[in-house]
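Here's a quick briefing on one helix and the chain around it. Have a look at the model first, then read on.

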Amino acid sequence: MTRAVRVRVPAKVNLCLGVGPLRSDGYHPLATVYQTVGLHDELVLRPAGSRSVEVVGDGEPVRGVPTGPANLAWRALDVLGQHHRTRLDVAIEVHKRIPVAGGLAGGSADAAAALVGADALFRLGTSRAALLELGGRLGSDVPFCLLGGTASGEGRGELVAPVPTVGEFWWALVTDPEGLSTAAVYAEFDRLTAGRSLPEPDVPGELLHALEAGDIRRLGAALTNDLQPAALALRPALAGLLEAGLASSAYGGLVSGSGPTVALLCDSADHAAEVDLTLRREHGTAPALIARGDVAGARLVEVAA
Ligand code: C5P
C-alpha cells in the first residue's frame, strides 16, 4: 500500500478569452488559449479513515478556501471514486501558493492534483482520457490543469488541445489580496452585454501565429480578454494598474481569466523583475509574482511506499 503521494500543479493565465452568449446550462461558450505558469500548489494525499482537506500557506491556514465537500479537491475524490465504484477516503493537505480567487485557476489546479494523486495512491490506473473527462465535470479549467503547457480550450473551456509554441515566456503577475468570484464576473459580463447579439467566440489566428513563430512582440499585441471589462467594472482600481502595466516595458498585459490578477508578458526573468520594479515605483503596487510560462501540468513528484 502506498503511504503518501505528493503532487505539484501550476497556475494558469489566459492569453485570449473569447466569451459567447450565455447557454441554457448557465455556462458561456469559450474560445481560449491557456498557458501554465511556474507558480505551484502542492498536495499531499494519504489514505485515511475518513476524508479531510487542510489548506495551508506559509504554515498558516488559508482564509477563503472551503475545507469540506465544497472544496474542488474533495469533489475530485467523489467523481474519481464514482468512476471506479469505490469510496476514496483520503486526507489531503493543500500547500497553497496560487492566490485564491485570482483568475489563476487555483481551485481547478487543486482538483487536477487530487485526481492525479488519488489515482496514484490507490493504483487505479485511470486512463488519461478518463481523467480529462472527470476533470471537465469538476470545473471548466480542470482538464487544462491536467494537460499543462499551452493549449486551446473550447466548449465551456474543458475541451483542450495542445498549441505549438516557440521561445520563452515570462510573466509579472500583479495579484490582489481581495479575489473576484468567477460567477460574479460572468454575471457582470451578461449585464454589460445585455441586448447585444454576441458572436460565437474564436481564438484569434494572429495569436496562434505569434505563438508558433515565437514572436513575443506580436503575441503581446494579440493578448485579449472579453471578461476584462466586467472585471474592471467590479474592481475599478484595476484600470490604472493595467494602464501602468501597458506603459511599462512589458510586451502586453491583460486581466487573467476572471481576474483580478493582471498578467504582464515579458521575455526573461530579468525583464519581468524590471517591469515589477517600475510598477512598484510608479504605481505603488505590492511585489509581483514572477513566473515562467508554459510548464508541465499536474504531476506526481514523490511517492512514499
Ligand atoms: O466551471 P467552473 O465551475 O470553474 O465555473 C465557475 C462559474 O463561472 C460557473 O458557475 C459559471 O457561472 C461561470 N462560467 C461560465 N461559463 C464558462 C465557465 C464558467 O459562465 N465557460
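In H1, the buried residues (under 20% relative accessible area with a 1.4 Å probe, protein chains only) are Leu72, Ala73, Trp74, Ala76, Leu77, Val79, Leu80 and Gly81. Keep in mind that this is a predicted model, where local features need pLDDT of at least 70, side-chain atom pairs count only at pLDDT 80 or more, and totals for chains, interfaces and linings use all residues. Residues are numbered from 1 along each chain as its sequence is written, and side-chain values use heavy atoms, with hydrogens and water left out.

**Helix H1**
- Helices here are DSSP runs of H or I with at least four residues, strands are E runs of at least two, and both are numbered from the N terminus.
- H1 covers residues 72–83, and its end C-alpha atoms sit 16 Å apart, which agrees with the 16 Å expected for twelve residues at 1.5 Å a residue (1.5 Å times one less than the number of residues).
- The cover over its buried residues includes strands E2 (30–47), E3 (52–57) and E5 (90–95), plus helices H2 (106–121) and H3 (128–138).

**Ends of H1**
- At the N-terminal end, Asn71 acts as a cap, with a side-chain oxygen 2.8 Å from the backbone nitrogen of Ala73.
- After H1 comes Arg85, which has a positive phi near 50°.

**Whole chain**
- The protein chain has ten helices and 13 strands.
- Along its principal axes, the C-alpha trace spans about 55 × 45 × 35 Å.
- Buried residues make up 53% of the 305 residues.

Key. Buried < 20%, exposed > 50% of the residue type's maximum accessible area, 1.4 Å probe, protein only. Contact = heavy atoms within 4.5 Å. Polar contact = N/O pair within 3.5 Å; in protein donor to acceptor, adjacent residues only side chain to side chain.
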